[in-house]
Amino acid sequence: VALVYGWQRGRLRRVQRENALRTQLAANLHDEVGSLLTRVTMQAELLQELQQGPPARLATLAADSRAAAATMRDVIWSVDSTADTLAALVERMRDYVLDTARATGRDLRFDDLALPPDLHHPLSTLVRQNLYLIFKEAVNNALKHAAPGSVIDVSITRPPALRLHVRSAGAPAPASSDGQGLRNMRRRAEALGAAFSAGPVAGGWEVAVLLG
């Protein structure tokens with residue numbers, strides 16, 4: 001009994017040290033790299049407004065800076081141990097949908113009304129990261145392959161099982177039925193032991209993940 005107790009205590013201390021390290025890493029990335037990318041983006045947008053340089057290159061610089069800042073935010077979120085909850089996952093998905101709709105002008109909708117009121121359900125880092133990456137890939141595929149002007153619906157439900165659906169209206173392009181994106185999503189779902197499907201549905205195309 002003493003040996004088991006000592007092993008459990010040692011394991012708990014290792015987990016606590018790892019979580020503290022992840023939280024510190026996320027804070028450092030946010031404070032150092034995140035602030036730097038924000039300054040670069042602001043400078044690029046200012047130069048674009050003043051037209052001090054080739055407009056096309058300034059537009060590309062501003063777009064690349066914004067993309068780099070968004071990627072850094074995803075990296076920070078993925079390593080932050082305080083985000084290992086269903087609430088953090090749902091909030092991050094909602095923000096991504098809103099930001100993407102604003103940037104692209106497309107009609108994206110996020111439905112989390114079927115979720116229980118208390119979302120502080122712990123999720124492992126593996127589950128949180130892979131579900132988010134599946135969600136992002138599905139949304140990006142829908143943007144690329146759905147009929148122009150069509151609505152893209154994202155829904156997440158629980159309980160009893162955690163379900164994610166990304167549906168786009170209109171007939172999908174042939175490329176959306178195959179490719180690296182779908183293989184990556186399927187591989188991530190398999191790593192979680194989740195059921196995964198992607199294919200045509202009535203009036204459109206749907207990606208679905210079911211994590212029991």
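Is strand E5, residues 204–211, mostly covered or mostly open? Mostly covered: of the eight residues in E5, seven are buried. Before I go on, keep in mind that what you see here is a predicted model.

So let's stay with E5 for a moment and look at its neighbours. On one side of the story we have strand E3, residues 162–169, which runs antiparallel to E5 and is joined to it by eight bridges. If you want a spot to find that pairing on your screen, look for Ser168, which stands opposite Trp205 in E5.

Then there's strand E4, residues 195–201. E4 also pairs with E5 in the antiparallel sense, this time over seven bridges. A handy marker here is Phe196, whose bridge partner in E5 is Val209. E4 and E5 make a hairpin, with two residues between them. Have a look at Gly203 in that turn: its phi is positive, at about 80 degrees.

Okay, on to the helices. As a reminder, two packed helices are described by the angle between their axes and the distance between the axes. Helix H4, residues 125–145, is the one to follow.

How do H4 and helix H5, residues 180–192, cross? Their axes come within 10 Å, and the crossing angle is roughly 160 degrees. Angles over 145 degrees count as roughly antiparallel, so that is what H4 and H5 are to each other. The crossing is left-handed. Among the residues that meet there are Leu126, Leu133 and Asn141 from H4, and Gly181, Met185 and Arg188 from H5. By class, this contact has 11 nonpolar, three polar and two charged residues.

Let me pause on Asn141, which lies in helix H4. Buried or exposed? Asn141 has 12% relative accessibility, and because the cut-off for buried is under 20%, Asn141 counts as buried. Leaving out residues up to four places away in sequence, Asn141 touches Ala146, Gly181, Leu182 and Met185.

Now for H4 with helix H3, residues 86–104. Here the axes come within 11 Å and cross at roughly 20 degrees, so H3 and H4 are roughly parallel. H3 passes H4 in a right-handed crossing. The contact brings in, among others, Leu89, Tyr96 and Thr104 from H3, and Arg128, Phe135 and Leu143 from H4. Sorted by class, the H3 contact with H4 has nine nonpolar, three polar and three charged residues.

That's my tour: E5 pairs with E3 and with E4, and H4 meets both H5 and H3.

Notes:
Residues are numbered from 1 along each chain as its sequence is written. This is a predicted model: local features need pLDDT of at least 70, side-chain atom pairs count only at pLDDT 80 or more; totals for chains, interfaces and linings use all residues. Side-chain values use heavy atoms; hydrogens and water are left out. Buried means under 20% relative accessible area, exposed over 50%, partly exposed in between (1.4 Å probe, protein chains only). Helices (H or I, at least four residues) and strands (E, at least two) are DSSP runs, numbered from the N terminus. Two strands pair if DSSP finds at least two bridges between them. Axes are lines fitted to C-alpha atoms, for helices over the stretch in contact, and angles run from 0 to 180 degrees between N-to-C directions. Angles under 35 degrees count as roughly parallel, over 145 as roughly antiparallel, 65 to 115 as roughly perpendicular and the rest as oblique. A crossing is left-handed if the near helix is turned anticlockwise from the far one by less than a right angle, and right-handed if clockwise. Contact means heavy atoms within 4.5 Å. Ala, Val, Leu, Ile, Met, Phe, Trp, Tyr, Cys and Pro count as nonpolar, Asp, Glu, Lys and Arg as charged, and the others, Gly among them, as polar.
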